[in-house]
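Let's take a walk through this structure together, stopping at a few spots along the way. Keep the viewer open and follow along.

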Amino acid sequence: MKFADEFRNKAIAQGIARAIGGEVSSQRAYRFMEFCGGHTHAISRYGLEDLLPANVRMIHGPGCPVCVLPASRIDMAIRLVDRPEVTLCVYGDLMRAPGSQGQSLLRAKALGADIRMVYSTLDAIRLAEQAPSREVVFFAIGFETTTPPTAVMIRIAEKKRLKGLSVFCNHVLTPSAMHSILENPKIRDTGGVPIDGFIGPAHVSTIIGTQPYEPLAEQFGKPIVIAGFEPLDVLQAILMLVRQVNEDRNEVENQYSRVVTREGNRRAKDEVSQIFELRAQFEWRGLGLVPNSGLKLKPAYAQFDAETRFAIHDLRVADNPACECCAILRGAKRAVDCKLFGTVCTPETPIGSCMVSSEGACAAYWTYGRVRDEPLRRTS
Amino acid sequence: MSAKGYQRKLDLENGRVDLSHGSGGRAMAQLISGLFHQAFGNEWLARCNDQSAFEVAAGRMVMTTDGYVVSPLFFPGGNIGSLAVHGTINDVAMSGARPLYLSASFIIEEGFPFSDLKVIADSMGSAARSAGVHIITGDTKVVERGKADGLFISTTGIGIVADGLDLSADKARVGDRVLVSGSLGDHGVTIMSKRQNLAFQTEVGSDSAALHNLVAVMVAAGGSGIRVMRDPTRGGLAATLNEIAHQSELGFRLHEASIPVKPAVAATCELLGLDPIHVANEGKLVAIVAPDLADAVLAAMKAHPLGSDAADIGEAVADNRKFVQMATGFGGRRIVDWLWGEQLPRIC
C-alpha cells in the first residue's frame, strides 16, 4: 500500500510528536479545530491524542456532510420517496441519518420506499437509463469534494436527455461554515471555547485550493493548515499550527502540497459554477441557518432540480433540546458532556448529528476513544 | 406443462427451475435424483428416505445450523455452495469437534438455471468430500420469481467432540493469548469486489475453507488450554472478540502491527473507508489460548497449510467495561468496537 505506508511510519510519527512536545509552551493551551470528519477519524483511529502534550487539545469540527445535514432535509427526502414513482439514490452512510421522530431512509426503505444505495453519481445515471419510466432522484450531499461529480452527472443527463433524473441538492461550502463558527454572535455568546487554529480539509481543498481560506485567517487572526488525512499529515499540521501560534502568525499553510495547490482544480470549479449557484442561506445541524453556505441548481437546470420538480418545500424541524451537538460541533463541549451520549444516543440509535456518521465527533469518540474515560487496570 | 414433459432428463445445460420442481411431484424427484444426488452421492442419500440414520462414535455431539444468502452467488475462491459447506463445518469445528454429517436445504427462485445449480451442488459435494463430511439429508423448495435472490441455502452440521474438551466463549481468562490463523478480510473484500455497483479488480480471492483439520492439530498441541475458538465471519475479528469479551467478562488488548492483513485488502478497505477487522472471513479462526500453551498452539497452526500466516495478536486483560482495545501502530490506543448496522462506505 505504497500510497499510504509512507504516511504511517511510527518512528517518524514519534519524531514529530517529540518536536511538538519540544516546541509547545507550558504556559499556554493550544486548541485546534480539525474541521473535517476525515481528520477526526484519523486522530481517533490512530490514537494520535496519546502522542500529544496535555496542553494541545483537538476540537472536532463540523466537517462531516452527514452530521451537518439537518433533520428537515431527511424529512423532505422521505416525503419525496413517499411518491410511488420516485427511486431515491443515496450514498451509504446517509441511510442512517436521523430525521425527526426517529425516521431515517433506512427505515423508510424497510417500509417499502424505493431507495437504492449508490457509490457514485454514475450509478444514478445507470438507474435512470434502465428505468426510463421512473423518477430517479439523486440525494446530493457533501462539501466541495462531492459537488463536481454531481455537476458532471447533470451534464451527462442533459446530453443523454434523461428526463427522469433529478437532484435533491444538499451541497454545502466549507469556508462559509468556518466563517460561521468564528463569527456568528450566537456561537460567540454561548460559551464556545477559543480556537487557536484550524486544520483545514484535505479533499475539499483539492477542489477549491488554499486561497478561499486566506480571508478567514486574516479576518479572524487564526492560523489554518491544510492537511492530508494520513496520521503523519495530521501530526505535521499540528506542529505547523504550534509554530504559527508561537510565532504569532496567522497564515494559511499547505501541509498537503502533494495534492493541493493555491488555486485548486480549475476545471472542477468551472463545472460547479456553471451548474450551481449560492442559496441565500442553508440550515446546518448544530450551526443553524448559515448565510451563503449551500448550493442549489441554477434556474437553467430547474428540470433537474428535485425541489422544483416535485414542489417540495423547505421544512424546519427542531432538534432534540437535550442534544448537545450544537455545542460539540462548535468545540464548546465534548461528547461526554452530553447527557444523551451513550445513553439514548449511540451509534445504533443516533439522536444527534455527531453520532450519525462514523466521522462525527460523538461517533468517533464512542467507537475509538471511550478507552480514555478511565485508566485501564493493567494486569500484565 | 404436461407430466409427460417431465419424462425427459433434466436439461442441465439450458433448463431452468420452475415451480413444479418444488411441488413434491415427479419433477422434484427428478431434480433431486438427477442433480443433488449426483453431486452429493453417498450411501445415506442413496436410500432416498426423508431422513438418514447414522452411526456416531463416543463423545458429545455438536450440532449447528446456518443460512447462506450471499450475493453474488459466485465469487473468486468459491460460491454459495462451497461456502455453505465450509461455514457449517467450521461452526461445528470451533467447538473442537470433528464434523461428520450435514443436511442441506435449498430455497430456489423460479427460473434459476440448472447449469448454475449444478455448479453449486457439485462444489458442495466436492467441498464435503474433501473434508470427509457427508451431506446425508436435505430439502428443496421453489418460490416464485422475485421472492428469493436466486438461491438460499441452509445447512445443519453434526459432529463429535472428544471427552475433556469444552470450548466456550465464556472461558477466556485474563492473560490468555489471542491467536488468529491468517490474514483478515479476504472473503468480505472479494465479495464486495464482485457486487454489481462496486465492481473493482483485486487479486484477492475468498478464503473459504474447512478448518476442522487445522482445529485438530491445534487441539493436539493445546488440548484444554484452548479456551475459545470462533470463526470471525460477519462482523469480522472485532465482533468476534467483543462477543467473547462480553461472555467472558474481560477485555482484550490487541497490537495493530501484529494483525495480518493482505496489502490488497488493506488498500481496498482504505479506499472504501472500511476497517479490515470488521470485514468478514470464511476460512479463518480466532483462538483464545492459555499463555503457557500459546506458543505450542501457534507453532502447530503455522505448520498447517491453513494456518501458515497465523499470528499472536494480543491478550485478554481485566476490564469491567469489556472493551476490546488496540495499541495502534503509532503507540496510541483506541477501542475496537462492534460494527453498528451494515458497514457503509463513507461519502468523501
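We'll start in chain B, where Ile32(B) sits in helix H1, the stretch covering residues 26–40. Keep in mind as you look around that this is a predicted model. Is Ile32(B) buried, exposed or partly exposed? With a relative accessibility of 23%, Ile32(B) counts as partly exposed, because the buried class is kept for values under 20%. Leaving aside residues up to four places away in sequence, Ile32(B) touches His37(B) and Thr140(B). Gly138(B) is worth finding too: 106 residues separate it from Ile32(B) in sequence, yet the two C-alpha atoms are 9.4 Å apart in space.

Staying in chain B, move on to Ser82(B), which belongs to helix H2, residues 80–93. Ser82(B) has a relative accessible area of 8%, so it counts as buried. What does it touch, once residues up to four places away in sequence are set aside? The answer is Ser123(B), Met124(B), Ala127(B) and Ser208(B). There's also a polar atom to look at: one in the side chain of Ser82(B) lies 3.1 Å from the backbone oxygen of Asn79(B).

Two backbone details in chain B deserve a stop. One is the peptide bond from Ser71(B) to Pro72(B), which is cis, with omega near 5°. You'll find Pro72(B) in the loop between strand S1 (60–68) and strand S2 (74–75) of that chain. The other is Lys322(B), which isn't a glycine but still has a positive phi of about 60°. Lys322(B) is in a loop as well, the one between strand S11 (311–317) and strand S12 (324–327) of chain B. Its relative accessibility is 22%, so Lys322(B) is classed as partly exposed.

Now hop over to chain A, where Arg161(A) also has a positive phi, near 55°, without being a glycine. Arg161(A) is in the loop between helix H8 (147–160) and strand S6 (165–171) of chain A. Is Arg161(A) buried or exposed? Its relative accessible area is 68%, so Arg161(A) is exposed, as the class begins over 50%.

For a contrast, look at helix H5 of chain A, residues 71–81. Of its 11 residues 10 are buried, so the rest of the structure largely encloses this helix. Among the buried ones are Arg73(A) and Asp75(A), along with Ile74(A), Met76(A), Leu80(A) and Val81(A).

Our last stop is helix H3 of chain A, which is mostly covered, with 9 of its 9 residues buried. Those buried residues include Gly37(A), Gly38(A), His39(A), Ala42(A) and Ile43(A). After H3(A) comes Gly47(A), with a positive phi near 65°.

How do you describe a pair of packed helices? You give the angle between their axes and the distance between the axes. For H3 (residues 37–45) and H17 (residues 361–369) of chain A, the axes come within 9 Å and cross at roughly 15°. That makes the two helices, H3(A) and H17(A), roughly parallel, since angles under 35 degrees fall in that class. The crossing of H3(A) and H17(A) is right-handed. On the H3(A) side, the contact is made by Thr40(A), His41(A), Ser44(A) and Arg45(A), while H17(A) brings Ala361(A), Ala364(A) and Tyr368(A). Sorted by class, this contact has 3 nonpolar, 3 polar and 1 charged residues.

Note on methods:
Residues are numbered from 1 along each chain as its sequence is written. Chains are lettered from A and ligands numbered from 1 in the order in which they are written. This is a predicted model: local features need pLDDT of at least 70, side-chain atom pairs count only at pLDDT 80 or more; totals for chains, interfaces and linings use all residues. Side-chain values use heavy atoms; hydrogens and water are left out. Axes are lines fitted to C-alpha atoms, for helices over the stretch in contact, and angles run from 0 to 180 degrees between N-to-C directions. Helices (H or I, at least four residues) and strands (E, at least two) are DSSP runs, numbered from the N terminus. Angles under 35 degrees count as roughly parallel, over 145 as roughly antiparallel, 65 to 115 as roughly perpendicular and the rest as oblique. A crossing is left-handed if the near helix is turned anticlockwise from the far one by less than a right angle, and right-handed if clockwise. Contact means heavy atoms within 4.5 Å. Ala, Val, Leu, Ile, Met, Phe, Trp, Tyr, Cys and Pro count as nonpolar, Asp, Glu, Lys and Arg as charged, and the others, Gly among them, as polar. Buried means under 20% relative accessible area, exposed over 50%, partly exposed in between (1.4 Å probe, protein chains only). A polar contact is a pair of N or O atoms within 3.5 Å; within protein, one must be able to donate a hydrogen and the other to accept it, and residues adjacent in sequence count only if both atoms are side-chain atoms.
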